[in-house]
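This explanation considers how helices are placed against their surroundings in a predicted model. Please consult the sequence and structure shown below while reading.

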Amino acid sequence: MNYKTYLFDFDYTLADSSRGIVKCFRIVLTRHQYLTVTDEAIKRTIGKTLEESFSILTGVTDPAQLAAFRQEYRQEADIHMNVNTCLFPDTLSTLTALKKQGARIGIISTKYRFRIVSFLEKYMPEDFLDIVVGGEDVKAAKPSPEGVRFALKHLGSAPQETLYIGDSTVDAETACNAGVDFAGVLNGMTTAEELQAYPHKIIMRNLEELVR
């Protein structure tokens, strides 16, 4: 891997936030009597927008109701998310190695930027990451290329020198739509076979394969 810029998804790529995500969904779903949704089903929606996830899990399509679900989820996430999130064991060592190589590194996520930043502040200096693009920073969520293109413009990076790393088919589509290379990591619920259906440079068992 010899790229100048490495852009990462967050959930299931750099951090395991599944416990917090499931907890927040479970509270909202139970409040509205959706009692049969499994943890597995919730985890399979990680990486999608909250509205998309709630629609998949409940069958609701009304935008107003989905927006209300999102707001309830956000209130629960303020309480439960960061305390139920942990970095993967090789996240910090991989990012540090890339920085030592002189690479620019950033995060492109559907998760709120403020939540990512507040979680990471106890693990790394404020200026460690070159950019964080969250759900509140774009008009169109992944797989729209908007977030990646915003980061490239901000960093002065060319698509051909950039690698996007993620765990889901949404991430693979995002990279393709943005015209950057993609590397899949098997930290989440998406299988190697599912990721291999998309253009990719490598499918990794863990992040440290980036710097081996």
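Helix α1 passes helix α3 in a right-handed crossing. Helix α1 spans residues 18–31 and helix α3 residues 50–58; their axes come within 12 Å and cross at roughly 55°. Angles of 65 to 115 degrees would count as roughly perpendicular and those under 35 degrees as roughly parallel; α1 and α3 are therefore oblique to each other. On the α1 side, the contact is made by Phe25, Val28 and Leu29. Helix α3 contributes Leu50, Ser53, Phe54, Leu57 and Thr58. Sorted by class, the residues in the contact of α1 with α3 comprise six nonpolar and two polar ones, with no charged residue.

A second helix, α7, covers residues 146–155. Which of its residues are buried? They are Gly147, Val148, Ala151, Leu152 and Leu155. These buried residues cover an arc of only 135° around the axis, and so they lie on the same side of α7. The general geometry of the α-helix is relevant here: with 3.6 residues a turn, residues three or four places apart point the same way. On the other side of α7, Lys153 and His154 are exposed.

The surroundings of the buried side may be examined next. The buried residues of α7 pack against the strands β1 (5–8), β4 (104–108), β5 (131–133) and β6 (162–166), as well as against helix α8 (169–178). After α7 comes Gly156, which has a positive phi, near 70°.

Methods. Residues numbered from 1 in each chain as written. Predicted model: local features only at pLDDT ≥ 70, side-chain atom pairs only at ≥ 80, totals over all residues. Heavy atoms only, no water. Axes fitted to C-alpha atoms, helices over the stretch in contact; angles between N-to-C directions. Helix = DSSP H or I, 4+ residues; strand = E, 2+ residues; numbered from the N terminus. Parallel < 35°, antiparallel > 145°, perpendicular 65-115°, else oblique. Left-handed = near helix turned anticlockwise from the far one by under 90°. Contact = heavy atoms within 4.5 Å. Nonpolar A, V, L, I, M, F, W, Y, C, P; charged D, E, K, R; others polar. Buried < 20%, exposed > 50% of the residue type's maximum accessible area, 1.4 Å probe, protein only. Arc of directions from axis to C-beta.
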